[in-house]
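Colleague: Could you take me through one part of this model closely, beginning with how two of its helices pack and then working outward to the elements and side chains that you think are worth inspecting?

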Amino acid sequence: MAASSARDRLTVIRRHLTPHPRDSDLQGHGGQAEGAAGGGGGVQNKGIQWQTASVTTPPPHPHTTIPRKRQDLLKWNGWGYQDSKFLVHKEKDKDYYVSFTGSRYKIGNLVLPHFASWVKETLGVKFDDCTPPKPPPQPQDYPATIINQEFLDEMKSLGIEMSIEGEDRLFRAHGHTLAEVFVLREGMFPRIPDVVVWPGNHSEVVKVVAVAGKHNVALIPFGGGTSVSGALLCPEEESRPIVSLDTSQMCRILWVDEKNLTARIEAGIIGQDLEKQLQARGYTAGHEPDSYEFSSLGGWVATRASGMKKNVYGNIEDLVVQVRAVTPRGTIDRYTAGPRLSAGPDTQNFIMGSEGTMGVVTEVTLKVRPVPSVRRYGSVVFPDFSSGLACMRQVAFHRCQPASIRLMDNQQFKFGHALKPPTGLMGLLSDGIKKIYLTRIRGFDLNTMCVATLLFEGSEQDVAQQERRINTLALEVGGIPAGEANGERGYMLTFVIAYIRDLGFDYGIVAESFETSVPWDRVATLCHNVKHRVHSQCQERGIKHRFVTCRVTQTYDAGACVYFYFAFNYRGLSDPVHVYEEIESNARNEILGCGGSISHHHGVGKVRRQWMSQTISETSLGALRAVKQYFDPDNIFACGNLI
C-alpha cells in the first residue's frame, strides 16, 4: 500500500510538472514544434513554462521610439537623430562658433563658445574649408537586388512584413565604424541586403529561419544598427540573396516577476524603451552602454556588451538569466529559471557573444532591480593621470565602486572643458575661483591634471557612504572633490560624443574609438605605449594635427577597461580611411603586446577577426567552428563575423 501511495504521489508530481504547450510553441512548420526547424531536432521537450501571479500582459502593438522606417527619425549617413547635430556658425566680423541643435540633450540649443577654438588649435581645422556629404541616394544608386521569388512568396503567405526598398536595405547594410560612415558620405557599399524582414515575435522568427534554410537564403540579424565592428556588413563574396532579419518589432516586455525580480523581454527592444517600460513599473535593468538610446537587448547579448553602470548592475552576462535564440537547427533554450545551473557547460554561451553567426536572439530573461531612490553625480580632480589611476585601483581593491566611475586623461579633460556652454557672471567667478585654488594653492598643472566622473545610485545612506569612501581614497593620492555638476556633464556628454564625428567629416577630420581590457599592473604601460605608438605612426605618415586620448571606464578586481579616442586631420591624404585602419591595427598590436584584449565590449565582428588566433587557442577556435557547423551547417547566418 505504501509503494502504491508513493507511485501515486509521483504520478501527481509528474502531472503538475508536465507543461501545457503554448500555441506559439507549436507554430512554424506544419504544426511541428520549433525544434524541427532545419530538419535536425524533432519535437523538443518544452520543460516547465514558468508563470507567476505578477505576469503582466504586453500590449499587442507596443510603442517604439525608433520607427520601422528608421530613416524617418535617424540620420541615414551618420549618428543619431536627424534633429540633433553640431553646427558651425560665423557671425559678421566675428570668429566661428559651434552649437548643438535640438532639445533631446542638455547641451541642445546652446552655443559652445570654446569648442571651435579648441578644434582649430588641436586639429588644425579651417572652418572655411567644408566638404559636405553627398546627397541621399537615388533609386538607381542602390546595388541591384538578388531575388529569390519563392522565399518572397512564402514570406508573403505567412504574413511577415518585408521590404525591398533601397532606403530600408541601405539602413541595415552597415553599423557605425569610421569606414562605414565614410562610405555613406562618399559612395556606396558594393553589397547591401536584398530584402528586409520584420518578424513580430519568436514564432515568426522560427518561420523566417526555416524558410531561409529551405530556399538557401542568407540571413544577417539586425537589432539597433550601432555595431562598431563591421558586423553588419554584407560579405561581398556572398552570391545568395541576403536578408536582413530586423528584430525591432519584437519589442515587448512579456512579463515582470516581482517576487523573483526578473523580466522576460523580446530581444528587439532598444535600451531607452526598455528602461522607460521597466521604470513605469518601478524597476530598472541598469544596463546603460553609450549606445543605449539606439542599441537593442539582442545586440547586447550577441556582443557581450557592458554598460556604464556595470559596477552595480553587472555586465550583460551578469544580468541574463535565460536566452532564447533560433538557429537553423532549432531553438536554443533553457528550461529552468533558477539563478544558477550546474548541468555541464552553459549552452547559452554559444549565443552570448556569437555576433549573429549561430542564430538570432528572440527573447531574454533579465534580472531587474527596483529603481534606486537616490541618483547623484560627483567628480574628483587629480594632479595627474597616475594619481587618478592609483585611486581607481584602490577603489576596485576595496570594492567600493559607485554605479559608474570613469577616469579621463588630461587631453580628454581639456576636450570636455571645450564643450562647456557659456556661463553667467557667477559661473565665471566660480570657475575662476576653482582655477586659482587648483593651480595656485594646490599646485595643479592644467597640462597634467585629470578628472574622474562619478555616478552614485542606491539609498541615501548607501550613496552617502560611497561618497565618503571615494573622497577619502581620492584625498590619499592627492585628489580633490570637484562637485556634482562636473560629474553630470561628463556622464551626459557620453551620449553626444558620437555626434562630433559627423561634424569632423565636414572639415577633414576622421575619428574613431577602440577599447580593451587589461590587468591592473599593465594599465599605465598600455595607456602610455598605445598613445606613443599612435603618435609615432602619425609622424611617419606626415600627420601633424591629431588627437589621442584615453579613459579608464570600468574597473574589476583583476583589471580595467581602457577606452581610446583617436582623430586626425586628413587634408592632403588620398585615402584617410585606409591610413586610419593601418594606424589602429598597429595600436591593436601594441595593445596585445601590453597584455590587453582585442575587445572589452565592442566585440569582434569583421574588424578584429584577424586577431582571434592571438586571443584563443586553435583548439578553442576549432570548437567555435564545430558549434557553428552543428547549428548552421548550410551557413544560413552568413555574416562572416568572429570566425
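Are helix 5 and helix 18 roughly parallel or roughly antiparallel to each other?

Modeller: This is a predicted model, in which local features need pLDDT of at least 70 and side-chain atom pairs count only at pLDDT 80 or more, while totals for chains, interfaces and linings use all residues. Residues are numbered from 1 along each chain as its sequence is written, and side-chain values use heavy atoms, with hydrogens and water left out.

Helix 5 and helix 18 are roughly antiparallel to each other (an angle over 145 degrees). Helix 5 covers residues 178-186 and helix 18 covers residues 576-593, and the two pack at an angle of about 180 degrees with their axes 10 Å apart. The axes are lines fitted to C-alpha atoms over the stretch in contact, with angles from 0 to 180 degrees between N-to-C directions. On the side of helix 5, the contact (heavy atoms within 4.5 Å) is made by Leu178, Ala179 and Phe182, and on the side of helix 18 by Pro576, Val577, Tyr580 and Glu581. Both are DSSP runs numbered from the N terminus, where a helix is H or I of at least four residues and a strand is E of at least two.

Within that contact, Ala179 of helix 5 is a good residue to look at by itself. Leaving aside residues up to four places away in sequence, Ala179 touches Val577 and Glu581. Ala179 is nevertheless partly exposed, since its relative accessible area is 23%; buried means under 20%, exposed over 50% and partly exposed in between, with a 1.4 Å probe and protein chains only. The C-alpha atom of Ala179 is also separated by 9.5 Å from that of Glu512, although these two residues are 333 apart along the chain.

If you follow the chain onward from helix 5, you come to Arg191 in the loop between helix 5 and strand 5 (195-198). Arg191 counts as buried because its relative accessibility is 10%. Its side chain reaches the backbone oxygen of Glu238 at 2.3 Å, and a polar atom of the Arg191 side chain lies 3.0 Å from the backbone oxygen of Arg240. The neighbours that Arg191 touches, not counting residues up to four places away in sequence, include Ile146, Cys234, Pro235 and Ile242.

A second arginine deserves a similar look. Arg551 has its place in strand 20 (residues 546-555) and counts as buried because its relative accessibility is 3%. The side chain of Arg551 makes a polar contact with the side chain of Gln412 at 3.2 Å; such a contact is a pair of N or O atoms within 3.5 Å, one able to donate a hydrogen and the other to accept it, and residues adjacent in sequence count only if both atoms are side-chain atoms. Among the residues that Arg551 touches, not counting those up to four places away in sequence, are Asp290, Arg406, Thr494, Cys561 and Tyr565.

Strand 20 belongs to an open sheet of 7 strands, ordered 18-15-17-16-20-21-19 with antiparallel pairing, where two strands pair if DSSP finds at least two bridges between them. The edges of this sheet are strand 18 (480-481) and strand 19 (509-519), each of which pairs on one side only. Strand 20 and strand 21 (residues 559-569) run antiparallel and are joined by 9 bridges, and the bridge partner of Phe547 in strand 21 is Ala567. Helix 16 (residues 497-506) lies across strand 19, strand 20 and strand 21, and runs at about 145 degrees to strand 19.

Elsewhere, strand 13 (residues 360-367) is mostly covered, with 7 of its 8 residues buried. Strand 13 is joined by 5 bridges to strand 9 (residues 262-266), and these two run antiparallel, with Lys367 as the bridge partner of Thr262. Strand 11 (residues 320-327) also runs antiparallel to strand 13 and is joined to it by 6 bridges, and in this pairing Ala325 stands opposite Val361.

Strand 13 is in turn part of what covers the buried residues of helix 7, together with elements including strand 8 (253-257), strand 9 and helix 8 (297-303). Helix 7 (residues 271-280) is mostly covered, having 7 of its 10 residues buried, among them Gly271, Asp273 and Leu278. Just after helix 7, Gly282 takes a positive phi of about 95 degrees.

To set these parts in their context, the protein has 19 helices and 21 strands, and 55% of its 643 residues count as buried. Of the contacts with a separation of 6 or more, 76% are between residues 24 or more positions apart.

Key. Angles under 35 degrees count as roughly parallel, over 145 as roughly antiparallel, 65 to 115 as roughly perpendicular and the rest as oblique.
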